[in-house]
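Please examine the sequence and the model shown below before reading further. The paragraphs that follow lead from the overall picture to individual helices, loops and side chains.

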Amino acid sequence: MKKVLIVMVLIITMFSVVHAASFEDVSGLNCESAVESLKSIGIINGVDENEFAPKKSVTRAELSKMVVSALNIKGATTKTFSDIQGHWGEAFIKQAAEIGILKGYSDGTFKPDKEVSYAEA
């Protein structure tokens with residue numbers, strides 16, 4: 001699934017006018033302003049400092065990071081899954097799951113590197 005964050009991007013763009021340095025691969029695209037706004041307020045990162053990869057699918061861990069950052073969720077959690085220990089998104093996943101925004105699977109896993117499905121988004 002293509003970048004599910006486009007809806008989130010459009011909403012958050014309305015609240016931000018600050019722009020960080022541009023991602024070269026979104027220059028001139030309809031989503032450029034939204035992507036740059038989300039980057040400038042720390043909700044998204046690119047695949048590196050100059051590339052966003054707008055056609056890359058979003059993983060469950062990436063969605064966790066975007067949602068937790070956008071909602072400014074902070075604090076410790078007790079929620080955990082058997083497959084997130086040491087994963088870069090562990091804290092974001094725990095925080096999103098703690099407040100019920102995202103859920104794991106019945107086998108106790110979260111599958112952080114799995115693409116987000118439309119139903120999950």
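Of the 121 residues in the protein, 39% are buried. The model is a predicted one, and every value in this account is computed from it. A residue is called buried here when its relative accessible area is under 20%, exposed when that area is over 50%, and partly exposed in between. How many helices and strands does the protein have? It has four helices and zero strands. Followed along the sequence, these elements give the pattern α-α-α-α.

The account of the individual helices may begin with α2, which spans residues 32-40. Its buried residues are Ala-34, Val-35, Glu-36, Ser-37, Leu-38 and Lys-39. Leu-38, a member of helix α2, has a relative accessibility of 0% and therefore counts as buried. The chain also brings a later residue into relation with this position: Ser-69 is 31 residues away from Leu-38 in sequence, while their C-alpha atoms are 10.0 Å apart in space.

Just after α2 comes Gly-42, which has a positive phi of about 80°. Gly-42 is also one end of a second pair that is separated along the chain. Its partner is Ala-70, 28 residues apart from Gly-42 in sequence, and the distance between the two C-alpha atoms is 8.4 Å. Ala-70 belongs to helix α3, residues 60-70. Is Ala-70 buried or partly exposed? Its relative accessible area is 33%, so Ala-70 is partly exposed.

The loop between α2 and α3 contains Ala-53. The backbone of this residue deserves attention. Most residues other than glycine have a negative phi. Ala-53, however, has a positive phi of about 65° although it is not a glycine. Because its relative accessibility is 14%, Ala-53 counts as buried.

The next element is α3 itself. Which residues of α3 are buried? They are Arg-60, Ala-61, Leu-63, Ser-64, Lys-65, Met-66, Val-67 and Val-68. With eight of its eleven residues buried, α3 is mostly covered.

Beyond α3 the chain enters the loop between α3 and α4, where Asn-72 lies. Asn-72 is another residue that has a positive phi without being a glycine, in this case about 55°.

The relation between α3 and α4 can be described by an angle, a distance and a handedness. The two helices pack at an angle of about 65°, and their axes are 8 Å apart. Angles from 65 to 115 degrees count as roughly perpendicular, and α3 is therefore roughly perpendicular to α4. The crossing in which α3 passes α4 is left-handed.

Attention may now turn to charged side chains. Side chains of opposite charge can pair when their charged atoms come close. A salt bridge is counted when a side-chain nitrogen of Lys or Arg is within 4 Å of a carboxyl oxygen of Asp or Glu. How many salt bridges are counted by this rule? The count comes to two.

One salt bridge joins the side chains of Lys-56 and Glu-62, with a distance of 2.9 Å from N to O. Lys-56 has a relative accessibility of 30%, so it counts as partly exposed. Glu-62 is likewise partly exposed, because its relative accessible area is 22%.

Another salt bridge links the side chains of Glu-90 and Lys-94, at 3.2 Å from N to O. Both of these residues lie in helix α4, where they are four residues apart, about one turn of the helix. Are Glu-90 and Lys-94 buried or exposed? Both are buried.

The final feature is found on the surface. Leu-71, Ile-99 and Ile-101 together make a nonpolar surface patch of about 270 Å². One of these residues, Ile-99, lies in the segment after α4, the helix that covers residues 90-98.

Definitions and conventions. Residues numbered from 1 in each chain as written. Predicted model: local features only at pLDDT ≥ 70, side-chain atom pairs only at ≥ 80, totals over all residues. Heavy atoms only, no water. Patch = residues over 30% accessible without salt bridge, like charges linked within 9 Å, V, L, I, M, F, W, Y side chains within 5 Å. Areas by Shrake-Rupley, 256 points an atom, 1.4 Å probe, with all protein chains shown as cover. Buried < 20%, exposed > 50% of the residue type's maximum accessible area, 1.4 Å probe, protein only. Axes fitted to C-alpha atoms, helices over the stretch in contact; angles between N-to-C directions. Parallel < 35°, antiparallel > 145°, perpendicular 65-115°, else oblique. Left-handed = near helix turned anticlockwise from the far one by under 90°.
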